[in-house]
Amino acid sequence: MKLVIVKDYNDMSKQAAKLIAEEVTRNPKTVLGLATGGTPVGMYRELVSLHQQDGVDFSQAQSFNLDEYVGLPSLHPQSYRTYMNENLFAHINLPEEKTHVPQGDAEDLEAECKRYEQAIAQAGGIDIQVLGIGNNGHIGFNEPGSTKDTTTRVVALTQSTMEANARYFDSIQEVPTQAVSMGIQTILGAKKIILLASGEAKAQAVSQMLEGELTADVPASLLQLHPDVTVIVDEEAASALSAKLRS
Ligand code: PGA
C-alpha cells in the first residue's frame, strides 16, 4: 500500500480531492465509490471548490456510496443520502440519477443488497473508492469479523461504532443498530482505493491496517490484498506507525 503522510486534516482533504479530480478529468465516466463520516467532509469541500472554481466536470460520472443506515428514510436528516446531498451532490454537476446510496428503508433489504451489487457491476465496477477507517478498524460498516468474501449485506453496528456516531444524533438510543454496507469483496473489487485518516484516535487502527497481520478482526488490514491502495493520513493518525514507515 502506498502511504502518504501529510501535516493535517486540511492537507489530507486537499490531496484526496486532487486524486479524485485527476481521475474524473482523465476519465469523465469515472465510477466513484464514496464514503460518509467526519473524515471526508473536507475532501468534499475541496471537490466542490474544484468544480466551482476550476471547472472540474462530474456530468458524466456516477457514484456509489458505501453504506446507509437501516430504517432511515432517504430524506432523514441523519441519513447518508442527506449527508451526500448536503456535502457534495447539491454543489456539483453530478446528475442525481447517477448517484447511488443503498436504500436503508427498503421493504426487502435482502433484495436491495442484491440490487446494489448488480448496479455496481452494471456500471462496470468502481474506478476509485474513498474510505475512512473506524477506530476499531472497520471500513464501510464492515465491523471486526467481516471476511474478505463479504458483499453488500445488512450488518449489525458494534457498540463502539454506535458510540462514535452518536454525535450526529440527539442520543445514542436514536442511532440505528443496523446498516446496509458494501462488503469487503465489493470494496476490494474497486480498481483504486484511497483511504483517509486524521487524528490520534485513528492511529492504532492505521498501524494495524498497515503493519499488522491480515485479519478479519481488523477489516482494514484486508486492504493489503489490493494492488492499488493509497493511504493518506495526517501526522496524528500516523503517530503509531513504526519509524521505518514514517521515514
Ligand atoms: P469518521 O468515521 O470519518 O466519522 O471518523 C470513519 C469510519 O467510521 O469509517
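**Ligand site in a predicted model**

Guide: In this predicted model, an N or O atom in the side chain of H138 lies 2.6 Å from an oxygen atom of the ligand.

Visitor: Why is the pair between H138 and the ligand called a polar contact?

Guide: A polar contact is a pair of N or O atoms within 3.5 Å. The pair at H138 joins an N or O atom to a ligand oxygen at 2.6 Å, so the term applies.

Visitor: What makes the pair at R167 a polar contact?

Guide: A polar side-chain atom of R167 is 3.0 Å from an oxygen atom of the ligand. The cut-off is 3.5 Å, and therefore this pair counts.

Visitor: Which atom of G38 is 2.8 Å from a ligand oxygen?

Guide: A polar backbone atom of G38.

Visitor: How much of the ligand does the protein bury?

Guide: The protein buries 82% of the 280 Å² that the ligand exposes when taken alone.

Visitor: Which residues surround the ligand?

Guide: G37, G38, T39, G132, I133, G134, H138, R167 and K202. By class, the shell has one nonpolar, six polar and two charged residues.

Visitor: Why does I133 count as nonpolar, and R167 and K202 as charged?

Guide: Ile is in the nonpolar class, while Arg and Lys are in the charged class, so these shell residues are sorted accordingly.

Visitor: Where does the ligand sit?

Guide: In the largest pocket.

Visitor: Where does UniProt place the feature "active site"?

Guide: The unreviewed UniProt entry places it at D67, N136, H138 and E143. Of these, D67, N136 and H138 are included in the lining of the largest pocket. D67 is in strand β4, residues 67-69.

Technical notes
Residues numbered from 1 in each chain as written. Predicted model: local features only at pLDDT ≥ 70, side-chain atom pairs only at ≥ 80, totals over all residues. Heavy atoms only, no water. Near = heavy atom within 4 Å. Polar contact = N/O pair within 3.5 Å; in protein donor to acceptor, adjacent residues only side chain to side chain. Areas by Shrake-Rupley, 256 points an atom, 1.4 Å probe, with all protein chains shown as cover. 1 Å grid on protein atoms, 1.4 Å probe; cavity = no way out; pocket = protein on both sides within 12 Å on 5 of 7 lines; lining within 4 Å. Sits in = over half its atoms within 2 Å of the grid points. UniProt positions renumbered as here; feature names shortened; annotations may be inferred. Helix = DSSP H or I, 4+ residues; strand = E, 2+ residues; numbered from the N terminus.
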